[in-house]
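The following exercises ask the reader to work through a protein model step by step. Each task is followed by a worked solution.

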Amino acid sequence: MKNFEVSNRAKLPTRFGDFFIQCFRELRPENGCQCPVEHLVVWSDPLAEIPLVRVHSECLTGDVFGSQKCDCGGELALAMEKIAQSAKEGQGGMLIYLRQEGRGIGLFNKVNAYALQDKGYDTVEANEALGFKSDNRDYAIVGDILEYYGIKKIRLLTNNPRKITAMGQYAEVIRDSIIVPSNCYNEKYLATKKSKLGHLL
């Protein structure tokens, strides 16, 4: 039995280009109930046999408010630009927007982690001080999404080797890098991602 529901598809004109969207409502068993978590898929039509894919975990502070403490907002914008360009070249692509704020610890805990970072903790130390792993994300729904669209091979926009390994369970993966400029606020964050999380930066 599938653990998700799929919305109708709708058009999404953006500053990057014209796309389609669908929502996947994942039903997660938590505390004895099925708790819905809603993820968004944005894609160009038609999709190539090997589409350019970005699996992007929600970062409200970076994606919406333009926080300079991370590279998330920049990566999201660059991914949309690259997917739009790929569509113009007849290849197409897809952005899978996962509701996994703060590498899976949620917005409330992420803000608490930010407060620890203000005191000198790095991003990994802050998560661990709050009792979490350095990365709490779960990518199982991505397998369902790729299967739904019949995608078996992807060009994955990522610098994260753990994500490459995770996606490799669901599709054949070719890695494409996604590098955005650093700034004085996120230099330590990016250095930690490289040294402690193995990011290819």
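## Exercises on helix H6, the cores and the rings

**Exercise 1.** Identify the buried residues of helix H6 and describe what follows the helix.

*Solution.* In this predicted model, helix H6 spans residues 140-148, and its buried residues are Ile141, Val142, Gly143, Asp144, Ile145 and Leu146. After H6 comes Gly150, which has a positive phi near 70 degrees.

**Exercise 2.** Determine which elements supply the largest nonpolar core.

*Solution.* Begin with the general tendency: in soluble globular proteins, nonpolar side chains tend to be buried together. Next, consider the members. The largest nonpolar core has 22 residues, and those that touch the most other members are Val55, Met94, Ile96 and Val142. At least two residues of this core come from each of strands S3 (18-30), S4 (33-43), S5 (52-57), S6 (93-98) and S7 (153-157), and from each of helices H6 and H7 (161-167). H6 gives the largest share, 4 residues. Finally, another core of 16 residues lies apart from this one; Phe16, Phe19, Tyr97 and Ile178 are among its members.

Met94 may then be examined individually. Leaving aside residues up to four places away in sequence, its contacts include Val41, Trp43, Leu52, Ile83, Ile145 and Ile151.

**Exercise 3.** Classify the ring pair of Phe24 and Tyr148, and state whether each residue is buried or partly exposed.

*Solution.* The structure holds 6 aromatic pairs. For Phe24 and Tyr148, the ring centres are 5.3 Å apart and the planes stand at 90 degrees; the pair is therefore edge-to-face, since angles over 60 degrees fall in that class. The two residues are 124 residues apart in the chain, with Phe24 in strand S3 and Tyr148 in helix H6. Phe24 has a relative accessible area of 0% and is buried, whereas Tyr148, at 43%, is partly exposed. Both belong to a cluster linked by ring pairs, together with Phe4, Phe20, Trp43 and Tyr149. Over the ring of Phe20 sits the charged end of Arg9, 4.2 Å from the ring centre.

**Exercise 4.** Describe the surroundings of Glu101 and explain why it counts as buried.

*Solution.* Glu101 lies in helix H3, residues 101-104. Its relative accessibility is 6%, so it counts as buried, the cut-off being under 20%. The side chain of Glu101 forms a polar contact of 2.6 Å with the side chain of Lys110. A polar atom of the Glu101 side chain also lies 2.9 Å from the backbone nitrogen of Leu60.

Conventions
Residues numbered from 1 in each chain as written. Predicted model: local features only at pLDDT ≥ 70, side-chain atom pairs only at ≥ 80, totals over all residues. Heavy atoms only, no water. Buried < 20%, exposed > 50% of the residue type's maximum accessible area, 1.4 Å probe, protein only. Polar contact = N/O pair within 3.5 Å; in protein donor to acceptor, adjacent residues only side chain to side chain. Core = buried A, V, L, I, M, F, W, Y, C linked by side-chain atoms within 4.5 Å. Contact = heavy atoms within 4.5 Å. Phe/Tyr/Trp six-rings, centres within 6.5 Å; stacked < 30°, edge-to-face > 60°. Lys NZ or Arg CZ within 6 Å of the ring centre and 35° of its normal.
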